[in-house]
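Visitor: I would like a close look at a single part of this protein. Please start there and then show me how the surroundings connect.

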Amino acid sequence: PHGEEEEEEEDEDEDGLPIVRNEDGEVEYAPQPAPYDSAELAEVQSLLRGEDTADDASRWKPLALPPPPQGGGARRVPAPLLGDLLYVAGVLRAFGRQLGLGEVRVDALDAALGGGATTALAMRLHVSLLRLLFEPSAALARSHPAFCHALRNLSALTWAEALAEALLRLADGQATAELALAVRGLRSGEYHTLPPERRVLAARLLAERAAEHPSLRASLERRAEWYEAHDWAWEPAMLLGRLQCWPPHRLLRWEPLGRDRHGRVYWLLDGSLWVQRRDASATDEAADPSLSGGRPGAGVPGVATVRYGGADLQAVAAALSAAAGPVCERRVHFTLRRLLRGGELGEARRAAEEAA
């Protein structure tokens, strides 16, 4: 009946999750329809159920990805720090609504942490994280009056001073030499005069602590409840490339496209493909991001990250196809190929360029 349809008009809660209100005014999560049909589900069954055998392995061809772009695809932040940039971007995008930052583009973050000027995003992200992590309480006012005053009056003039004190408190007496230099630089000069390595270090530390904050963990728990309201399978939706197009605040976690036989992990962000690889000196345990919760750029020894965009994406897809390798690689190729053919990656890249 028409009246019932009006009662169940879809809305969003504070986390941006779809909800409906019943006739009693009670809020219920509104599940989304399955993002695939029966034909598409049938198409991916062999990949979902596939397992590799010793005979399969004997037929695999070597997987050689195309040479990474010059500088590993880095723009402002140095190439060795791309994994950390990716991690910070992942946290800020996942909780952009809760932090009041909106959708953070990786190129804007790259400019904030590696550029030659203090950007508006640099100030906004640090102010937001400082407000999340520190409460200017009466106890703090007694023990650290200058820090508390800066927190209560965060502005373009005071946030760098507050950041310096926050880094020391987060280090809890175990500040590294680089972190100590970052604090010294913030106290004696402008934020943008810090080398990118120290700006990334500071942002990484704040992002890690923010990801553990009870309010953001509670947000993830609410997303998990919304996920449970759905009666369709999520893995096929990921394999078909559908969830990669969802807004970050509706994703329970940022999932990679997958891994290859060498342990390299493939991530999509803003129309670019980020590949985390390990060098010959890294142990399997240290190089596997799954051992750190699947977080991109876990900061462990031996892990490097490169960025592919534009025509390089087609070259990566061609390399995966030619290798005809294990199921894990065929899954990555399947999803990447669908997103390239469907135009989603091109649209994401254009949106990122327009935002920049």
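Visitor: Take Glu40: does Glu40 count as buried or exposed, and at what relative accessibility?

Guide: First, a caution: this is a predicted model. Now to the residue. Glu40 has a relative accessibility of 17%. The cut-off for buried is under 20%, so Glu40 counts as buried.

Next, its place. Glu40 sits in helix H2, which covers residues 38–49. Set aside the neighbours within four places in sequence. Glu40 is then in contact with Pro35, Leu240, Arg242 and Arg338.

Take Arg338 from that list. Glu40 and Arg338 form a salt bridge. Their closest N and O atoms are 3.6 Å apart. Arg338 belongs to helix H17, residues 327–342. The two partners are 298 residues apart in sequence, so this pair ties together H2 and H17 across that separation. The partners also differ in exposure class. Arg338 is partly exposed, with a relative accessible area of 21%, whereas Glu40 counts as buried at 17%.

The pair is part of a network. Salt bridges link Glu40, Glu43, Arg242 and Arg338. Arg242 thus appears twice around Glu40: as a contact and as a member of the network.

Now follow the chain out of H2. The loop between H2 and helix H3 (54–59) holds Thr53. Thr53 is partly exposed, with a relative accessible area of 42%. In sequence, Thr53 and Pro326 are 273 residues apart. In space, their C-alpha atoms are 9.0 Å apart.

Step back to the salt bridges as a group. The count for the model comes to 20. Two further examples are worth setting beside Glu40.

One is Arg222 with Asp15. Their side chains meet in a salt bridge, at 2.5 Å from N to O. Arg222 is in helix H13, residues 214–228. Asp15 is in the loop between strand E1 (11–12) and strand E2 (18–21). The pair links distant parts of the chain, 207 residues apart. Here too the acid is buried: Asp15 has 2% relative accessibility. Arg222 is partly exposed, with a relative accessible area of 24%.

The other is Arg198 with Glu178. The closest N and O atoms of this salt bridge are 3.0 Å apart. Arg198 lies in helix H12 (residues 196–211), and Glu178 in helix H11 (residues 177–188). These two residues are 20 residues apart. This time the acid is partly exposed: Glu178 has a relative accessible area of 34%.

For a contrast with these charged pairs, turn to a helix contact elsewhere in the model. Helix H7 (residues 120–133) packs with helix H10 (residues 159–171). Their axes are 10 Å apart, at an angle of about 50°. That angle makes H7 oblique to H10. The crossing is left-handed.

Which residues meet there? From H7 come Ala122, Met123, His126, Val127, Leu130 and Leu133. From H10 come Trp159, Ala162, Leu163, Ala166 and Leu170. By type, the contact has 10 nonpolar residues, 1 polar and no charged. Around Glu40, by comparison, charged side chains are linked in a network.

Definitions and conventions: Residues are numbered from 1 along each chain as its sequence is written. This is a predicted model: local features need pLDDT of at least 70, side-chain atom pairs count only at pLDDT 80 or more; totals for chains, interfaces and linings use all residues. Side-chain values use heavy atoms; hydrogens and water are left out. A salt bridge is a side-chain nitrogen of Lys or Arg within 4 Å of a carboxyl oxygen of Asp or Glu. Helices (H or I, at least four residues) and strands (E, at least two) are DSSP runs, numbered from the N terminus. Buried means under 20% relative accessible area, exposed over 50%, partly exposed in between (1.4 Å probe, protein chains only). Axes are lines fitted to C-alpha atoms, for helices over the stretch in contact, and angles run from 0 to 180 degrees between N-to-C directions. Angles under 35 degrees count as roughly parallel, over 145 as roughly antiparallel, 65 to 115 as roughly perpendicular and the rest as oblique. A crossing is left-handed if the near helix is turned anticlockwise from the far one by less than a right angle, and right-handed if clockwise. Contact means heavy atoms within 4.5 Å. Ala, Val, Leu, Ile, Met, Phe, Trp, Tyr, Cys and Pro count as nonpolar, Asp, Glu, Lys and Arg as charged, and the others, Gly among them, as polar.
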